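Reader: I am a first-year student and should be grateful for a close look at a single part of this model. Please begin with the interior and then go on to whatever is connected with it.

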Amino acid sequence: MLNLIPLIPALPLAGFAIIGIFGRRFAKNAHWVGIATVVAAWVIASAVAFLTLTHQDPFGEHGAGIKLWTWIPAIGAAGVPAFTVDMGFFVDSLTACLLI
């Protein structure tokens, strides 16, 4: 379920890109792409919110996160990582309420 979290913002963005690039080819049916991507994102968000608010795995009581990449790796004096900023998503109870 953690791997589906990045799809929540990515699906509507992909729908926007598809409509923007190929919208004229769809003619009067281009809106179905937008509707389908938003509905798919809503289904995933609802499942994530349900699992989070009921404290089920993998979210548990304190939430769970997925790291996408390391944005700022700062190397310290002895070549040891001193500070890192990771980019990703974290879902807890507050996030689940906002997903609803």
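Author: The largest nonpolar core consists of 9 residues, namely Ile5, Ile8, Ile44, Ala45, Val48, Leu51, Phe59, Ala64 and Val91. Helix 2 is the greatest contributor to this core, supplying 4 residues. The model in which this core appears is a predicted one. As background, nonpolar side chains in soluble globular proteins tend to be buried together.

Helix 2 spans residues 31-53, and it offers a suitable thread for the rest of this account. Let us begin with a member of the core. Leucine 51 touches Met1, Gln56, Asp57 and Phe59, when residues up to four places away in sequence are left aside. Of these partners, Phe59 is itself listed in the core.

Next to it in the sequence comes threonine 52, which is likewise placed in helix 2. Is threonine 52 buried or exposed? Its relative accessible area is 2%, and the limit for a buried residue is under 20%, so threonine 52 is buried. Its contacts, again without residues up to four places away in sequence, are Phe59, Gly60, Val91, Asp92, Ser93 and Ala96. Two of these names, Phe59 and Val91, are also found in the list of core residues.

Threonine 37 is another residue of helix 2. With a relative accessibility of 13%, threonine 37 counts as buried too. A polar atom of its side chain lies 3.0 Å from the backbone oxygen of glycine 34. Beyond its sequence neighbours up to four places away, threonine 37 touches Leu11, Pro12 and Gly15.

Helix 2 also has to be considered from the outside. Trp32, Ile35, Val39, Trp42 and Val43 make up a nonpolar patch on the surface, and together they have about 530 Å² of accessible area. Valine 43 may serve as an example from this patch, and its place is in helix 2. The relative accessible area of valine 43 is 45%, which lies between the 20% and 50% limits, so this residue is partly exposed. Nonpolar residues are therefore found both in the buried core and in a surface patch of this model.

The loop between helix 2 and strand 1 comes next. Histidine 55 is placed in this loop and is partly exposed, with a relative accessible area of 41%. Proline 58 lies in the loop as well. What is notable about their backbones may be judged against a general rule. Most residues other than glycine have a negative phi, and most peptide bonds are trans. Histidine 55, although not a glycine, has a positive phi of about 55 degrees. The peptide bond from aspartate 57 to proline 58 is cis, with omega near 5 degrees. A positive phi also occurs in the loop between helix 1 (7-26) and helix 2, where alanine 27 lies. The phi of alanine 27 is near 55 degrees, and this residue counts as exposed at 56% relative accessibility.

Following the chain onwards leads to the strands. Tryptophan 69 lies in strand 1 and counts as partly exposed at 48% relative accessibility. Its C-alpha is 5.4 Å from that of methionine 87, although the two residues are 18 places apart in sequence. Tryptophan 69 touches Asp86 and Met87, not counting residues up to four places away in sequence.

Aspartate 86 therefore deserves a closer description; it is partly exposed, with a relative accessible area of 42%. Its place is in strand 2, residues 81-91. It touches Lys67, Trp69, Thr70 and Trp71, residues up to four places away in sequence being excluded. With threonine 70 there is a side-chain polar contact of 3.2 Å.

With which residue does aspartate 86 form a salt bridge? The partner is lysine 67, and the closest N and O atoms are 3.9 Å apart. This pair joins distant parts of the chain, since lysine 67 belongs to strand 1 (residues 64-75) and aspartate 86 to strand 2, 19 residues apart. The cut-off is 4 Å, so the pair qualifies. In the model the count comes to 1 salt bridge. Lysine 67 is exposed, with a relative accessible area of 52%. In general terms, side chains of opposite charge can pair when their charged atoms come close. By contrast, aspartate 86 and asparagine 29 are 57 residues apart in sequence and 40 Å apart in space, C-alpha to C-alpha.

Key. Residues numbered from 1 in each chain as written. Predicted model: local features only at pLDDT ≥ 70, side-chain atom pairs only at ≥ 80, totals over all residues. Heavy atoms only, no water. Patch = residues over 30% accessible without salt bridge, like charges linked within 9 Å, V, L, I, M, F, W, Y side chains within 5 Å. Areas by Shrake-Rupley, 256 points an atom, 1.4 Å probe, with all protein chains shown as cover. Salt bridge = Lys/Arg side-chain N within 4 Å of Asp/Glu carboxyl O. Helix = DSSP H or I, 4+ residues; strand = E, 2+ residues; numbered from the N terminus. Buried < 20%, exposed > 50% of the residue type's maximum accessible area, 1.4 Å probe, protein only. Polar contact = N/O pair within 3.5 Å; in protein donor to acceptor, adjacent residues only side chain to side chain. Contact = heavy atoms within 4.5 Å. Core = buried A, V, L, I, M, F, W, Y, C linked by side-chain atoms within 4.5 Å.
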